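Q: I would like a close look at one part of this model, with its surroundings filled in afterwards. Please keep it brisk.

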Amino acid sequence: MAVQTFSRDYSLSGGHSDAVELDGDRIEQRMEETWWRPKLTRQQMREIMQRRDGPAFLHFGLWFLVLAGSGYLAFLSWGTWWAIPAFLIYGTIYTSSDAAWHECGHGTPFKTHWLNEALYHFNSFLTLREAIMWRWSHSRHHTHTYIVGRDPEIQVTRPADLLKILMDFFYLRSGPPEVWRVIRNAAGRPSDHVRDFMPERELPKMYLSSRIYVAILLAVAAWSIAIGSFLPMMFVLLPRFYGGWLHQLLGLTQHAGLGEDTYDHRENTRTVFINPVFAFLYMNMQYHIEHHSMPMTPFHALPKLHAAVKDQMPPAYTSLWQCYKEMIPALIKQATGQPDYVIPRPIPKDPETEDAEVASAPEAAGEWIEVCPVEDIEEEDVIRIDHGSRTFAVYRLKDDRFYATDGLCTHEFAYLADGLVIDGVIECPLHNGRFDVATGRALRAPACDHLETYPVERRGNTLYLRIE
Ligand code: FES
């Protein structure tokens, strides 16, 4: 078979020569035009996105228990042959910190915000993903999933590099560059790739965080040298390598072999059923189409989301085996004769449902515009109001307190009315940025710029909004 000539520029800073050409305006236009979203009622979405601390306490309590238990057994086995299986188990659990990094980065496991943040930083260190940089990288991944030249997290590029894929079962190809990236960032010399998605104002935070990582890793290395034993490094840093197999096994199922340059996650992402032990360690990320379609969904609600939208998705793979049976030949094709090959996925026809209602306020007579009857907004909820070319979000909090802000997130292009109101805070549906509803203040990256706020007045049973 003749090998096809095929090359794609996956770099972010390389000019995107064969990428979908997307400049700022067209990104917005294209996202608005083509992002596929599951059809759910607002009520269903609110129920699914709802945050609770309980399931996360249970999950992380058990996770820390098995991590500590396996670590203790590994410690006891040091110097015997039992150390091999013991450290393999410890390293596998340690590396599942990647799933916790991911979930806490989205800010969804706990309702209590600081718990998500604390565990995000802890797990970022364990999984060797420097917390500040990876937050921005992952935001970009969600905006432009598998868009060549835009997504910094394309795991399998084409033509596929099979050796890299195999080596990364022990993090041997991606790990050393990742460590080097932390060192570069600690030295205040990020690459052009990193600069492409990191805002300038976040760089000092990234430098500081990277320096802390380097300091801890050097301390562990110095400890190992001082006692003449690898043991300390077997517990910190090295587990990410020798325990990386499960992370790679599950991570490849997310997107490998599937489409690129599409804004329909059903074409570039998979959902795969896995056993309960893996699902626990993976924090339900096997529901990956669902996660990309609604990143605000907490890990424990993903099965519920799947049940609600499965008829709108390609069929889930029933097992890892079924998934790999299709993926391995596809990756071999991509690596050898057919680098342009992608696995086609059957996309069901969307059900005929009404799109979510968007209130359209009449043209203003003066500064105040009529919004809607009070009962059109549930308590602790938000609706979108379009007025001419502008869009607003009008909120109803507990005790009939009403507020209004700009309707679009200040980070990228997302309607805040598709997000979730939690205790007076609106969480953006795209990257989980947060804003105080009453003041418009940005509370959580990647949302950094504040929202404009607008007065809302209740007159009888009707709400009015004053546009300035
Ligand atoms: S669009 Fe990124 S946080 Fe809102």
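Take D399: is this residue buried or exposed, and how many other C-beta atoms lie within 10 Å? Please set the answer in the context of the rest of the chain.

A: This is a predicted model. D399 is exposed, because just 6 other C-beta atoms lie within 10 Å and the cut-off for exposed is 12 or fewer. The residue sits in the loop between β4 (390-397) and β5 (401-406). Its backbone is worth a look. Phi at D399 is positive, about 60°, although D399 is not a glycine.

Y146 makes a useful counterpart. Y146 also is not a glycine, and has a positive phi of about 60°. Its place is the loop between α7 and α8. Here the surroundings are crowded in the sense of the count: Y146 has 25 other C-beta atoms within 10 Å. Y146 is therefore buried, since the cut-off is 20 or more.

The loop that holds Y146 also holds P159, between α7 (131-143) and α8 (162-167). The peptide bond joining R158 and P159 is cis, with omega about -5°. A second cis bond runs from A445 to P446, with omega near 10°. P446 belongs to the loop between β9 (442-444) and β10 (453-454).

Now the domains. The chain is divided into domain 1 (24-335) and domain 2 (359-466). Their centres, taken over C-alpha atoms, are 32 Å apart. Contact involves 17 residues of domain 1 and 14 residues of domain 2. On the domain 1 side, α1 (24-34), α2 (42-49) and α7 each give two or more residues. α7 gives the most, with 5 residues. By class, the domain 1 side that touches domain 2 has 5 nonpolar, 6 polar and 6 charged residues.

One helix pair completes the picture. α9 (residues 175-186) packs with α11 (residues 203-227) at an angle of about 125°, and their axes are 7 Å apart. The two helices are therefore oblique to each other, as the angle is neither over 145 degrees nor within 65 to 115. Their crossing is left-handed. From α9, the residues V182, I183, N185 and A186 take part. They meet M206, Y207, S210, R211, Y213 and V214 of α11. This contact of α9 with α11 counts 7 nonpolar, 2 polar and 1 charged residues.

Back to the starting point: D399 is exposed, while Y146 is buried, and each has a positive phi of about 60°.

Definitions and conventions: Residues are numbered from 1 along each chain as its sequence is written. This is a predicted model: local features need pLDDT of at least 70, side-chain atom pairs count only at pLDDT 80 or more; totals for chains, interfaces and linings use all residues. Helices (H or I, at least four residues) and strands (E, at least two) are DSSP runs, numbered from the N terminus. Axes are lines fitted to C-alpha atoms, for helices over the stretch in contact, and angles run from 0 to 180 degrees between N-to-C directions. Angles under 35 degrees count as roughly parallel, over 145 as roughly antiparallel, 65 to 115 as roughly perpendicular and the rest as oblique. A crossing is left-handed if the near helix is turned anticlockwise from the far one by less than a right angle, and right-handed if clockwise. Two residues are in contact if their C-beta atoms, placed from the backbone, lie within 7 Å. Ala, Val, Leu, Ile, Met, Phe, Trp, Tyr, Cys and Pro count as nonpolar, Asp, Glu, Lys and Arg as charged, and the others, Gly among them, as polar. Domain bounds come from an automatic or database domain assignment.
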